[in-house]
Amino acid sequence: MASSEPSNGVATQKMFIPLENNPVVFSKLSTALGVEQALTYHDVYSIDDPDLLSYIPRPVYAVLFTCPSQVYKRARDAENAEMAEYNGAGAEEPVAWFRQTIGGACGLMAWLHGVSNGGAKKYITPRSALDQLLKQVVPLFPTERAEVLYRSQELEAAHGAAAELGDTPQMTEEEVGNHYICFVKADDGHLWELNGGMKGPVDRGALTEDEDALSERALQLGVRSFMRHAGSQDLDFSMVAIAPELPAPTIDS
């Protein structure tokens, strides 16, 4: 499970049950909002074991990462304090970033960032609920975007149904101690850190054409930068990779 921080000091009024970082949960959310089932979700059990990594389809478009809140604060509070407020809008921006103003919804925001950017967005079904929502919000500035997401009944219903799934009991935000971050390889070839609780999107650097969001360079620029701030009691990390469905194996006749 993972919680959310209030977004940039904005008071949160609406509260969601936090989502478990679980492929079943995100598959449910994805299907409900109109993403093709060919976009798939996979637990990442290790970032160091090549055998375990080999089971994940490639390329990985995005990684949904959770870490303990205390690790998140040590890793990002100082950087976020120095950032300028992001005020980008429109499809010409390298990434679509969404400010979070709903309590307990950082899993939803991470998923939204993951499927709305980079290679994953081509799996969004035309005229689906998500397609229509993005067409409405992408031209808007962050505050107006957040207001539309806050009011979206489709997002709230889909999140509620997905929150009922998972392997652990449902918890309130106060009972959960982890935070979500999404890492995406965007269309500009860069790894972007997308987190609705920061002041805006963060460009973590360029990746080569054959490096995806789970490549070792992407891990060094993203996930490992959090792990370096973890102590022996701060090891509650989890990762879900967003990737294309593996093609069906051919059968020799």
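Colleague: Which strands does helix α3 lie across?

Modeller: This is a predicted model. In it, helix α3 (residues 69-82) lies across β2, β3, β4 and β5. Its direction is at about 110° to that of β2.

Colleague: In what order do the six strands of the open sheet come?

Modeller: The order is β1-β6-β2-β3-β4-β5, and the pairing is antiparallel.

Colleague: What makes β1 and β5 the edge strands?

Modeller: Each of them pairs on one side only. From one strand to the next, the twist averages 20°.

Colleague: Which strands does α1 touch as it packs on the sheet?

Modeller: Helix α1 touches β1, β2, β3 and β6. The direction of α1 makes about 160° with that of β1.

Colleague: How do you know that β1 and β6 pair?

Modeller: Pairing takes at least two bridges between two strands. Strand β1 (residues 39-43) has five to β6, and the two run antiparallel. Therefore they count as paired.

Colleague: What about strand β2 (residues 62-68) and β6: how many bridges?

Modeller: Five bridges, again in the antiparallel sense.

Colleague: Which residues stand opposite A241 in β6?

Modeller: H42 stands opposite A241, and so does V63.

Colleague: Why is strand β6 (residues 238-244) called largely enclosed?

Modeller: Six of its seven residues are buried, so the rest of the structure largely encloses this strand.

Colleague: What makes β3 and β4 a pair?

Modeller: Strand β3 (residues 178-185) meets β4 over four bridges, in the antiparallel sense. The rule asks for at least two, so the strands pair. Within β3 and β4, C182 stands opposite L194.

Colleague: How many salt bridges are found in the whole structure?

Modeller: The search gives eleven.

Colleague: Why is the contact of K14 and E156 called a salt bridge?

Modeller: Their side chains meet at 3.1 Å, N to O. The cut-off is within 4 Å, so the pair qualifies. K14 is in the segment before α1 (23-33), and E156 is in helix α7 (residues 153-163). They are 142 residues apart, and the pair links distant parts of the chain.

Colleague: Is K14 buried or exposed, and on what value?

Modeller: Buried: the relative accessible area of K14 is 17%, and buried means under 20%.

Colleague: And why is E156 partly exposed?

Modeller: E156 has a relative accessible area of 31%. That falls between the 20% limit for buried and the 50% limit for exposed, so partly exposed is the term.

Colleague: How do you know that the charged end of K14 sits over the ring of Y150?

Modeller: The charged end is 4.8 Å from the ring centre. The distance limit is within 6 Å, so that part of the test is met. The charged end of R76 sits over another ring, that of F226, 4.1 Å from its centre.

Colleague: What do R204 and E193 tie together?

Modeller: Their side chains form a salt bridge at 2.8 Å, N to O. R204 lies in strand β5 (residues 202-206) and E193 in strand β4 (residues 190-194), so the pair ties together parts eleven residues apart in sequence. Both residues are buried.

Colleague: What makes R224 buried and E216 partly exposed?

Modeller: R224 has a relative accessible area of 15%, against a limit of under 20% for buried. E216 comes to 38%, so it sits in the range between 20% and 50%. The side chains of R224 and E216 meet in a salt bridge at 3.0 Å, N to O.

Colleague: Which residues do salt bridges join into one network?

Modeller: R76, E79, E193 and R204, through salt bridges that share partners.

Colleague: How many aromatic pairs does the rule give?

Modeller: Nine.

Colleague: Why is the pair of F65 and F183 called tilted?

Modeller: The ring centres are 6.4 Å apart, and the limit is within 6.5 Å. The planes are at 50°. Stacked needs under 30 degrees and edge-to-face over 60, so tilted is what remains.

Colleague: Where in the chain are F65 and F183?

Modeller: F65 is in strand β2 and F183 in strand β3, 118 residues apart. F65 is buried at 0% relative accessible area, and F183 is buried at 1%.

Colleague: Which residues do ring pairs link into a cluster?

Modeller: F65, Y72, F183, F226 and F237.

Note on methods. Residues are numbered from 1 along each chain as its sequence is written. This is a predicted model: local features need pLDDT of at least 70, side-chain atom pairs count only at pLDDT 80 or more; totals for chains, interfaces and linings use all residues. Side-chain values use heavy atoms; hydrogens and water are left out. Buried means under 20% relative accessible area, exposed over 50%, partly exposed in between (1.4 Å probe, protein chains only). Axes are lines fitted to C-alpha atoms, for helices over the stretch in contact, and angles run from 0 to 180 degrees between N-to-C directions. Contact means heavy atoms within 4.5 Å. Rings of Phe, Tyr and Trp (its six-membered ring) pair if their centres lie within 6.5 Å; planes under 30 degrees apart count as stacked, over 60 as edge-to-face and the rest as tilted. A charge sits over a ring if NZ of Lys or CZ of Arg is within 6 Å of the ring centre and within 35 degrees of the ring normal.
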